[in-house]
Amino acid sequence: MRPPRRFAKRVALVAAAGLLGFVMAACGGSKTTGANASLKLEITAPADGSSVRADRVAVRGTVTPSDATVQILGRSVQVGNGVFAGSVPLHRGANTIDVVASAAGSAPATTTITVNRAGPRRHKAKAIRVKGRPPLSSASNCGGGLTAGAHTSCPFAENVRAAFEASGSGILDVYSPTTGKTYRMYCTSGSPHVCTGGNGASAYFSSGGAVTRYSMGECGGGLVVGPNTSCAFAENVQAEYYRSGAGWISVYSPVTDRTYNMYCTSSSPHVCTGGNNAAVYFP
């Protein structure tokens, strides 16, 4: 007896479904889970189309899932709890920054921003002349062309000058007869020399004679520069100090298009020296 046509069709469908299940099981097929099915990428800083003057910019953002890998301009960056950050060099003009995120089970996600690196600011210092001491220093005239800045005794300043004459510019370890301690100072090479460090100490002197005048420039807002220092660079020094604090900082100069290491005292008024014999003063 021939089975009804409807029953035969149902048997064929059941058999086909069973065969498909067997093939999937034999091939090890699996279903993508929701944990890696969705990949989200967002840049939180800097803003698209923003302008900076520095030669590098920090790119930050978020990614989901939190274990995804992130590349900025083709270089892998660190990701922690779904937050990533990386430093990117910039050339003059518009810079296109591509960020790519990857995670298992998902297609890569890509986002792009543009950051403009501006040219040097044409900001010229107003020249001022100060006899005996730089402004903002609450300086003391120690005689013989030696000036001790705020928080600095003349005996210590004398030892700083003696150490400089013995060893030259750079980093010096100097003993203070006032506190009985040894402090690390940084002295510029050009004359007049500016030495900073220790417990907010600073000393000023020149080689081979007394300092009668210390040429300064006033940039406004309490910001003052020493010889061989531009206002544009001084503004970057002050901004980096507020971001990083006292000690050694790396600062970009829009005038020379180079980055210099500067040493800044912690006590106010702040004195920052370094680079190419640069000196910066601010409250």
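The accessible surface of the protein amounts to about 15500 Å², and 51% of this area belongs to carbon and sulfur atoms. The model behind these values is predicted. Its 283 residues include 39% that count as buried. Four helices and 21 strands make up the secondary structure of the protein. As for how the chain meets itself, among contacts between residues at least 6 apart in sequence, 50% join residues at least 24 apart.

A good place to begin a tour is the pairing around strand 8. Strand 8 covers residues 109-117 and pairs with strand 2 in the parallel sense, over two bridges. Ser51 has Asn116 of strand 8 as its bridge partner. Strand 8 also pairs with strand 7 (residues 93-102), here in the antiparallel sense and over nine bridges. Within strand 8, Ile113 is the residue that stands opposite Ile97. Strand 7 and strand 8 form a hairpin with six residues between them, and Gly105 in the turn takes a positive phi of about 85°.

Ile97 leads on to the interior of the protein. Together with Val59, Val63 and Val99, Ile97 is listed among the residues with the most contacts inside the largest nonpolar core, which has 19 residues. Two or more residues of this core come from each of strand 1, strand 3, strand 4, strand 6, strand 7 and strand 8. In soluble globular proteins, nonpolar side chains tend to be buried together. The surroundings of Val63 can be followed residue by residue: leaving aside residues up to four places away in sequence, Val63 touches Leu39, Lys40, Leu41, Ala68, Val70, Val79, Gly82, Phe84 and Ala101.

The loops between the strands hold several backbone features worth a look. Most residues other than glycine have a negative phi, and most peptide bonds are trans. Two peptide bonds that lead into prolines are cis: the bond from Ala45 to Pro46 has omega near -5°, and the bond from Thr64 to Pro65 has omega near 5°. Pro46 sits in the loop between strand 1 (40-45) and strand 2 (51-52), while Pro65 lies in the loop between strand 3 (56-64) and strand 4 (69-72).

Positive phi values also appear at residues that are not glycine. Leu73 has a phi of about 50° and belongs to the loop between strand 4 and strand 5 (75-80). With a relative accessibility of 42%, Leu73 counts as partly exposed, because it falls between the limits of under 20% for buried and over 50% for exposed. Asn81 has a positive phi of about 55° and is found in the loop between strand 5 and strand 6 (83-89). Its relative accessibility is 77%, so Asn81 counts as exposed.

Farther along the chain comes helix 4, made of the 14 residues 231-244. From its first C-alpha to its last, helix 4 reaches 20 Å, close to the 20 Å expected at 1.5 Å a residue. The buried residues of helix 4 are Cys231, Ala232, Phe233, Ala234, Asn236, Val237, Gln238, Glu240 and Tyr241. An α-helix has 3.6 residues a turn, so residues three or four places apart point the same way. Just after helix 4, Gly245 takes a positive phi of about 95°.

Terms used. Residues are numbered from 1 along each chain as its sequence is written. This is a predicted model: local features need pLDDT of at least 70, side-chain atom pairs count only at pLDDT 80 or more; totals for chains, interfaces and linings use all residues. Side-chain values use heavy atoms; hydrogens and water are left out. The expected span of a helix is 1.5 Å times one less than its number of residues. Buried means under 20% relative accessible area, exposed over 50%, partly exposed in between (1.4 Å probe, protein chains only). Contact means heavy atoms within 4.5 Å. Accessible areas come from the Shrake-Rupley method with a 1.4 Å probe; for residues, only the protein chains shown count as cover. Two strands pair if DSSP finds at least two bridges between them. A nonpolar core is a set of buried Ala, Val, Leu, Ile, Met, Phe, Trp, Tyr and Cys residues joined through side-chain atoms within 4.5 Å.
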